[in-house]
Amino acid sequence: LLLPPTPSSADFERIARELDARRSFSLVDRDRPSIGPKDAPVTIVKFSDFQCPACQRGAVALHRALEGFEGKVRFVFRNFPLDAACNRLIQRPMHEHACEVARVSLC
């Protein structure tokens with residue numbers, strides 16, 4: 001899925017439709033826990049690992065960036081543990097407690 005050098009809103013909509021067609025699950029199901037109104041005009045879905053230092057820095061930056069947009073943005077968190085023990089997309093052990101912490105976070 002490629003975007004032209006100067007993408008238009010139609011290009012983004014096309015890519016979103018293509019991604020939706022390929023997905024076997026909903027990224028933003030209305031019942032998923034979130035911050036912000038379910039009918040917000042913008043929804044941000046963040047995939048993250050609780051043991052990842054870069055993810056932590058990104059979370060802090062994102063929450064700061066969201067200040068001042070109350071009521072306009074919905075934030076949805078999705079677990080993406082960076083460890084081969086529970087994530088088939090990761091090829092090696094990385095964060096030894098990531099899988100366990102992801103499971104616990106669902107409680």
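Residues are taken as buried when their relative accessible area is under 20%, and as exposed when it is over 50%. By this criterion, in the predicted model described here, helix H3, which spans residues 98–105, has Ala98, Cys99 and Ala102 among its buried positions. These residues lie on the same side of H3, because they cover an arc of only 100° around the axis. An α-helix has 3.6 residues a turn, so residues three or four places apart point the same way. Glu100, Arg103 and Val104, by contrast, are exposed and occupy the other side of H3. The partner of the buried residues of H3 is strand E3 (73–79), against which they pack.

Strand E3 belongs to an open sheet of 3 strands, arranged in the order E1-E3-E2 with mixed pairing. Strand E1 (34–35) and strand E2 form the edges of this sheet, each pairing on one side only. Strand E2, comprising residues 42–48, runs parallel to E3 and is joined to it by 7 bridges. The chain passes from E2 to E3 by way of helix H2 (residues 53–66), and the resulting β-α-β crossover is right-handed. Within the pairing of these strands, Val42 stands opposite Val73 in E3, and Ile44 is likewise placed opposite Phe75 of E3.

Helix H2, which provides the connection between E2 and E3, also lies across the sheet strands E1, E2 and E3, and its direction makes an angle of about 165° with that of E2. Strand E3 is thus described both by its pairing with E2 and by its packing with the buried residues of H3.

Note on methods
Residues numbered from 1 in each chain as written. Predicted model: local features only at pLDDT ≥ 70, side-chain atom pairs only at ≥ 80, totals over all residues. Heavy atoms only, no water. Buried < 20%, exposed > 50% of the residue type's maximum accessible area, 1.4 Å probe, protein only. Helix = DSSP H or I, 4+ residues; strand = E, 2+ residues; numbered from the N terminus. Arc of directions from axis to C-beta. Contact = heavy atoms within 4.5 Å. Pairing = 2+ DSSP bridges. Right-handed = clockwise from strand over helix to strand, strands pointing away. Axes fitted to C-alpha atoms, helices over the stretch in contact; angles between N-to-C directions.
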